[in-house]
Every structure is written in C-alpha cells, then in structure tokens.
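Visitor: Please show me the sequence and the structure first. I will then ask about particular residues and pairings.

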Amino acid sequence: MPDERPAHGRPAPDEPGRERLRVALTKPTRRQAVVAVLLAVLGFAFVVQVRDTQANDTYEGLREGELIEVLDGLTGTAERARREVDRLEARRDELQDENQARAAALDEAEQRVRTLNIIAGLVPVTGPGLRVTITESTSRVSVGSLLDTVQELRTAGAEAMEFNDSIRLGADSSFENAVGGIELDDQLLEPPYVLDVIGDPHVLRTALTFSTGPIETLETLDGATVTVEELEQVEITSVRDAPRPEYAEPGSGQ
C-alpha cells in the first residue's frame, strides 16, 4: 500500500484550512470585523426582545385567585396613597388657616399699636380738622376757659391736638397760670393760643359754638377774640415722650 504521509515534511491537505481559520481569528480582515459586529448587535437585540416578552408575560401564568390577590394589593396601595394625599392636603389647609389667623392677629395688633400711639401723642399725625385761634384782648384768657375748650373737643371726638405748633396734648396734660401766658405740661404757652385739632370738622365746630359753649365763654368772660377755620388737612408734628411706668406692670397672661 502506498505511503500517504507527506514527503519532505509538507503539511497534510487539511492543514491549510485550519491555518486560514487561525489567521482569521487572530488577524481578521475588515470585512470579517464588520460581520462580527453585526452579529453581536443582532444577538443583543434578540436578548432584549426575549426579556421584554418575559416581562410582559409576568401575569399570564397566574390563576384567577392569584390575579385577584395582585389586584387587591394594587388597590390597597392606591387607597393608602389617596389617604396620604388627603392627609397632606388637610395639613396644608390647616397651616394656611393658621398662617392667615396669625397674619390677621398681627395686623390687628399693629393697628392697635398705631391707634394707641396716636392717642398717646407719640407720633406725628395728619388729617382733617380745625384750627382755633384765641387772641387776648381786654384781659387774660383763664386756665379754666382753655381747659373747657380742650375737654369739649375731646368729647366731640378730637383724635389729636397741638398748641402753638409746639406742644402736643395728651390725656394727662395740665394747665397752670404763668407769667406771660399759661404753662402747659411745664412749658410756657404764650398768646395768641393756636389750637390745631384733628377730627370731624363739622362735629368739632359744633362742640365749640353751641350756646354757652367754649367760644361764647372765651368771648364774653375773658374778652378774647376767637376764630375757627375748618381745614381739609391739619398737620400735627410735635410728639410727647412716652412715660415709663414706675409701679404698674402687665397682669398675668398679658
């Protein structure tokens, strides 16, 4: 039988095929590389499609009772979420109401402070009112006549008063006779006495002009000349010093 071994060490007929496969794996051509990439992309797309199909088929194998349990679980979760939303919305409304109540209380407190400051004469003020000028003629104006004038104006609703553009009247203001005029709150007030008053002009004038009222008393008993002007805008710029209580303190809970 003839010898089939290759002569002189030449490779067997199937060795060239294996050699080409080795070269293709270790040194692929450009075409081979493109084909490999395409195959890899197709394989990845196939895996993704299979997983998506499996995910969509999650509930297909469940029995009716199991599906009901799943549905009940989802319903319970939705109900808990709805209750939580309701709770949060209710809390939000409570906070809004609390903020509105707090803002209203703050506004009311600020308004009370402004009102008390005006009444106490601690701030400059402006508004409609009267200017009353009292000029001495045959005799001196008495302290009692000035005090009666101020009291009648207060009773008529005067909100602020000032003498001679310099002395603000307060609830505790006092008048005393003095050389050269009248002493008002330890300050000398010289004639003519100009009294600026803020309030309803018509009501204030009526409080001064009624029979036997302040103007008639000043003119007949004191011999003074009195003029009254109704003004749309009266400016009172003088202020009083806020006294500090020496003995009184706020009560409990204040």
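**Backbone, core and charged pairs**

Visitor: Is D165 buried or exposed?

Guide: The relative accessible area of D165 is 53%. The cut-offs are under 20% for buried and over 50% for exposed, with partly exposed in between, using a 1.4 Å probe and protein chains only. D165 is therefore exposed.

Visitor: From what number are the residues of each chain counted?

Guide: This is a predicted model, in which local features need pLDDT of at least 70 and side-chain atom pairs count only at pLDDT 80 or more, while totals for chains, interfaces and linings use all residues. Side-chain values use heavy atoms, with hydrogens and water left out, and residues along each chain, as its sequence is written, are numbered from 1.

Visitor: What is the phi of D165?

Guide: Most residues other than glycine have a negative phi. D165 sits in the loop between β2 and β3 (167–168); helices (H or I, at least four residues) and strands (E, at least two) are DSSP runs, numbered from the N terminus. D165 is not a glycine, yet its phi is positive, at about 55°.

Visitor: D185 is not a glycine and also has a positive phi; is D185 buried or exposed?

Guide: D185 has a phi of about 50° and lies in the loop between β5 and β6. Its relative accessible area is 17%, so D185 is buried.

Visitor: Which residue is joined to P191 by a cis peptide bond?

Guide: Most peptide bonds are trans. Here omega is about 0° for the bond that follows P191 in the cis form. The partner lies in the loop between β6 (187–189) and β7, and it is P192.

Visitor: Which element gives the most residues to the largest nonpolar core?

Guide: A nonpolar core is a set of buried Ala, Val, Leu, Ile, Met, Phe, Trp, Tyr and Cys residues joined through side-chain atoms within 4.5 Å. The largest one holds 27 residues, of which I134, F163 and F175 touch the most other members. Elements that each supply at least two residues include β1 (125–135), β2 (160–163), α5 (201–209) and β8 (225–236). With four residues, the element that gives the most is α4.

Visitor: Which residues of β7 does F163 touch, among them V194?

Guide: Contact means heavy atoms within 4.5 Å. Leaving out residues up to four places away in sequence, F163 touches L146, V150, L169, F175, L184 and L189. β7 covers residues 193–198, and the list for F163 also has Y193, V194 and L195.

Visitor: How many of the residues of β7 are buried?

Guide: β7 is mostly covered. β7 has six residues, and the number that are buried is five.

Visitor: Which residue of β7 stands opposite T133?

Guide: Two strands pair if DSSP finds at least two bridges between them. β1 and β7 pair in the antiparallel sense over six bridges. The residue opposite T133 is V194.

Visitor: What is the bridge partner of A160 in β7?

Guide: β2 and β7 run antiparallel and are joined by four bridges. In β7, A160 has as its partner I198.

Visitor: How far apart are the closest N and O atoms of R87 and E84?

Guide: A salt bridge is a side-chain nitrogen of Lys or Arg within 4 Å of a carboxyl oxygen of Asp or Glu, and the count by this rule comes to eight. R87 and E84 both lie in helix α3 (residues 64–120), three residues apart, about one turn of the helix. R87 is partly exposed at 48% relative accessible area, as is E84 at 36%. The atoms in their salt bridge are separated by 2.7 Å.

Visitor: How many residues apart in sequence are the parts tied together by D196 and R131?

Guide: The side chains of D196 and R131 meet in a salt bridge, 2.7 Å from N to O. D196 lies in strand β7 and R131 in strand β1, so the pair ties together parts whose separation in sequence is 65 residues.

Visitor: What is the relative accessibility of D196?

Guide: R131 is partly exposed, at 29%. D196 counts as buried, with a value of 0%.

Visitor: Which residue meets R240 in a salt bridge?

Guide: R240 lies in the segment after β8, and its partner is in the loop between β3 and β4 (175–178), so the pair ties together parts that are 68 residues apart in sequence. R240 is buried at 19% relative accessibility, whereas the partner is exposed at 55%. The N to O distance is 2.9 Å, and the partner is D172.
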